Amino acid sequence: TANSGVTNNSSQLSLVQSDVSQYSNPLGRSACTAIALTLAYNCIGQVHYASPESFIDSTLLTRSINDGIKLYSDLRDNNSSGVEHSSVEDILAACSGRGNTVISSLKLFPNSPRQGVLSNSSSNQHMGLEALLTQCQLDSSESYIAVVITKTPETVLVILPTQRAASNTNAKFILIDSHPRPQQLAPHFPTGSYALFHPSLSSLVASLREIFPVTELGDGVPELMQMMYNSFDVYPFQLSRG
């Protein structure tokens, strides 16, 4: 699998896995965005009071997937557009209108979503994953934030310590994913949903670049089209205090 050239020391990574993935339920095939938002709420509500390792477990993964699929299914039943994949904006707007206090309690950072481009070129690194996630860390005074990342057609969640919290040597950078990755993320090769704990932002980015590799379209393809195929959106959240 293509990556940034940064490799992870697998001995520094720990994996929590559930046998259940979004594909365990026929209704969950396109529910990853609703699941990621559900996971964001379930994690960010606890992470200020307990270490992530103490509560991010297979039970939380399974419960969040089932709740996320139910949310996705309920919203689809009330939406006549026929669009299979719901965007973060679609779900936030629908939940606000329906009085869903769980998703509505997630507060999106200003100037979001933040758009980036996957690239192997050093000239585009200011729009890369590491640059955008670093900026998210700087924009909050909380201890941890939840960041939903969408690279069409997939959405995943990362839990990031802010710059203040990252100075703690025990801080973890966590990728949470409702998709199985049986041929990626060696030596773990998760066959269900999973949470992968990293010791640093750079190691988290290496995992993200493995599951979201750069799409190389060749020299004859216009730069704008190259950027479109490699674009991704970042949605940083914290809990609303209101």
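How much area does the protein expose, and what share of it do carbon and sulfur atoms supply? The protein exposes about 11,300 Å², of which carbon and sulfur atoms supply 49% (Shrake-Rupley method, 1.4 Å probe; for residues, only the protein chains shown count as cover). This is a predicted model, in which local features need pLDDT of at least 70, side-chain atom pairs count only at pLDDT 80 or more, and totals for chains, interfaces and linings use all residues. Residues are numbered from 1 along each chain as its sequence is written, and side-chain values use heavy atoms, with hydrogens and water left out.

**View 1. The cis peptide bond between T152 and P153.** Omega of this bond, which runs from T152 to P153, is near 10°. P153 sits in the loop between β4 (144–151) and β5 (154–161), strands being DSSP runs of E with at least two residues, numbered from the N terminus.

**View 2. The loop between β6 (173–177) and β7 (194–198), with P187.** A186 and P187 are joined by a cis peptide bond with omega of about 0°. F189 also has its place in the loop between β6 and β7, and its phi is positive, near 45°, in a residue other than glycine. With a relative accessible area of 36%, F189 is partly exposed (buried is under 20%, exposed over 50%, partly exposed in between; 1.4 Å probe, protein chains only).

**View 3. N111 in the loop between β2 (106–108) and β3 (114–117).** Although N111 is not a glycine, it has a positive phi of about 60°. N111 counts as exposed because its relative accessibility is 70%.

Notes
Helix = DSSP H or I, 4+ residues; strand = E, 2+ residues; numbered from the N terminus.
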